[in-house]
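Colleague: I'd like to learn how to read a ligand site in a model. Can we walk through one together?

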Amino acid sequence: MSYDSNNIFAKILRGEIPCIKLYEDAHTLAFMDIMPQAEGHALVIPKEPAVTLFELSDAAAQACLATVRKIGNAQKKGLGAEGVVLMQLNGEGAGQTVPHFHIHVIPGSIADLRKPHATHMADPAHLKTVADKIVAALA
Ligand code: AMP
């Protein structure tokens with residue numbers, strides 16, 4: 001699948017549109033999902049351009065998983081999440097809506113994921129409050 005460098009996550013990586021950032025390193029960025037399926041729903045993306053896991057380099061996949069661990073641990077510590085659900089959609093056929101590889105990191109249980117995928121925009125001020133707790137727990 002060819003990569004469209006005008007997708008929304010590529011624009012976030014270039015700083016052309018804002019995000020509520022949780023963590024960044026040389027290879028990855030983690031930020032709040034603006035249409036969360038549960039409180040604290042975060043996304044981890046590689047800086048490498050790839051649409052799905054099948055085009056992503058091994059090194060970038062490894063870097064993403066390291067960041068997922070950081071974020072998941074911070075969600076457990078900062079939000080008191082007892083569990084963390086990971087979700088990762090590959091291609092439109094799977095329901096992927098943003099064509100830049102990402103891993104959903106969602107605090108809580110699969111049983112709590114009652115909100116539909118990518119539908120309800122959250123209040124940015126509330127998202128920031130939740131993000132602050134995750135960021136504080138990263139320290
Ligand atoms: P997927 O359908 O797996 O590609 O998931 C894309 C996710 O990106 C959805 O959960 C959306 O809510 C989320 N999303 C879309 N636009 C933005 C944005 N500008 N900032 C943060 N999250 C976004």
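Modeller: Sure, start with the elements: helices (H or I, at least four residues) and strands (E, at least two) are DSSP runs, numbered from the N terminus. This is a predicted model, where local features need pLDDT of at least 70, side-chain atom pairs count only at pLDDT 80 or more, and totals for chains, interfaces and linings use all residues. Residues are numbered from 1 along each chain as its sequence is written, and side-chain values use heavy atoms, with hydrogens and water left out.

Colleague: Which elements each supply at least two residues of the shell around the ligand?

Modeller: Those are α1 (8-13) and β2 (28-32). The largest share, three residues, is from α1. Along the sequence, the chain reads α-β-β-β-α-β-β-α, giving three helices and five strands.

Colleague: How many residues surround the ligand?

Modeller: A residue is near a molecule if one of its heavy atoms lies within 4 Å of it. Here 18 residues surround the ligand, and the closest are Asp 33, Thr 97, His 102, His 104 and His 117.

Colleague: And how does that shell split by class?

Modeller: Ala, Val, Leu, Ile, Met, Phe, Trp, Tyr, Cys and Pro count as nonpolar, Asp, Glu, Lys and Arg as charged, and the others, Gly among them, as polar. The shell has eleven nonpolar, six polar and one charged residues.

Colleague: What lies 2.4 Å from an oxygen atom of the ligand?

Modeller: Think polar contacts, meaning pairs of N or O atoms within 3.5 Å; within protein, one must be able to donate a hydrogen and the other to accept it, and residues adjacent in sequence count only if both atoms are side-chain atoms. At 2.4 Å you'll find a polar side-chain atom of Asp 33. The backbone joins in too: an N or O atom of Val 98 is 2.9 Å from a ligand oxygen, and a polar backbone atom of Gly 95 is 3.4 Å from one.
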